[in-house]
Amino acid sequence: MDILSKEDFLNGQLLLIDKPLGWSSFQAVNKIKWAVRKKFDLKKIKVGHAGTLDPLATGLLLICTGKFTKKIESLQGQEKEYVGTITFGATTPSYDLETEIDQVFPIDHITKEAIYLTADKFTGEIEQRPPVFSALKKDGKRLYEYARSGKEIKINKRKVVISEFEIRAMDLPVLEFRVVCSKGTYIRSLAQDFGKALNSGGYLSSLRRTKIGDYNVNKAVDPVVFSEKLLGNNG
């Protein structure tokens, strides 16, 4: 990691962070912000991320400091790449492992050919409904707040673009995939819809964001490691 000064962070830095499993994007931002403030004895500094990752997902988080926070909106609009797994034969209310399985379905009829044909159907411009367990806002409240209170609300579908959908491996009920997609795509919704299209169920069982635009996770650093290096292993 390059040695950066207080002025470097205030003038603006784009940091490639590899978000750990179980961390919220907010926690990762706070870890970076805390380390920078402590290192340079700053009362305040702007720090933000360009695109949320769910706590159960790992991978690339672009974190901007200082004047670079003005670039967040343009960074959010870039294409993203994910790798992960879908588990067929069941569904969960959150479309991933955040909630318990609520329904089970047969998978004996699912063939390799059917999976490839379904992947083709989900390539290009598609419509999807965001998960109710998401941070999207409706009438001033996060969708997950409605979900956790048990209140049912209508969530409209929206158009997204899946430019690549690669099947990497199949060992049913688990499917390994790689997806390149537009801003606003919910891979959890993709997993749910994929299972439904196979006349079964499906939920996202693992997810890792590997690219945002030209930025790659292989150049990213763990937020704890970033903090330790910045503070000289005293973080």
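A residue counts as buried when its relative accessible area is under 20%, and as exposed when that area is over 50%. Keep these cut-offs in mind for this predicted model.

Start with Gln192. This residue lies in helix α6. Its relative accessibility is 18%, so Gln192 counts as buried. What does Gln192 contact, leaving aside its neighbours within four places in sequence? The partners are Thr91, Tyr95 and Gly202.

Gly202 leads on to the strands. In β12, Gly202 is the bridge partner of Phe88. Strand β12 covers residues 202-212, and three bridges join it to strand β3, residues 57-65. β3 and β12 run parallel. Within β3, Thr58 stands opposite Arg208 of β12. Strand β4, residues 80-88, is joined to β12 by nine bridges, and here the two strands run antiparallel.

β12 has a further partner. Strand β13, residues 215-216, pairs with β12 over two bridges, in the antiparallel sense. Ile212 has Tyr215 in β13 as its bridge partner. The hairpin of β12 and β13 has two residues between the strands. In this hairpin, Gly213 takes a positive phi near 60°.

Now turn to the interior. The largest nonpolar core has 25 residues. Which of them have the most contacts inside this core? They are Phe88, Ile115, Phe165, Phe177, Val179, Ile187 and Phe194. Several elements contribute: β4, α4 (112-121), β10 (158-171), β11 (174-181), α6 (187-197) and β12 each supply at least two residues. Helix α6, the home of Gln192, is thus one of the suppliers of this core.

Take Phe177 as an example. Neighbours within four places in sequence are again left aside. Phe177 is then in contact with Tyr82, Val83, Gly84, Thr85 and Ile86, among others. Its contacts also include Phe165, Glu166, Arg168 and Ile187. Leu204 and Leu207 are on the list too. A second core, separate from the largest one, has 18 residues. Among them are Phe9, Phe40, Phe226 and Leu230.

Finally, look at the surface. Leu21 is placed in the loop between β1 (13-19) and α2 (25-40). Is Leu21 buried or exposed? Its relative accessible area is 58%, so Leu21 is exposed. Leu21 joins Leu56 and Leu97 in a nonpolar patch on the surface. Together, the three leucines have about 290 Å² of accessible area.

Conventions. Residues numbered from 1 in each chain as written. Predicted model: local features only at pLDDT ≥ 70, side-chain atom pairs only at ≥ 80, totals over all residues. Heavy atoms only, no water. Patch = residues over 30% accessible without salt bridge, like charges linked within 9 Å, V, L, I, M, F, W, Y side chains within 5 Å. Areas by Shrake-Rupley, 256 points an atom, 1.4 Å probe, with all protein chains shown as cover. Salt bridge = Lys/Arg side-chain N within 4 Å of Asp/Glu carboxyl O. Helix = DSSP H or I, 4+ residues; strand = E, 2+ residues; numbered from the N terminus. Buried < 20%, exposed > 50% of the residue type's maximum accessible area, 1.4 Å probe, protein only. Pairing = 2+ DSSP bridges. Core = buried A, V, L, I, M, F, W, Y, C linked by side-chain atoms within 4.5 Å. Contact = heavy atoms within 4.5 Å.
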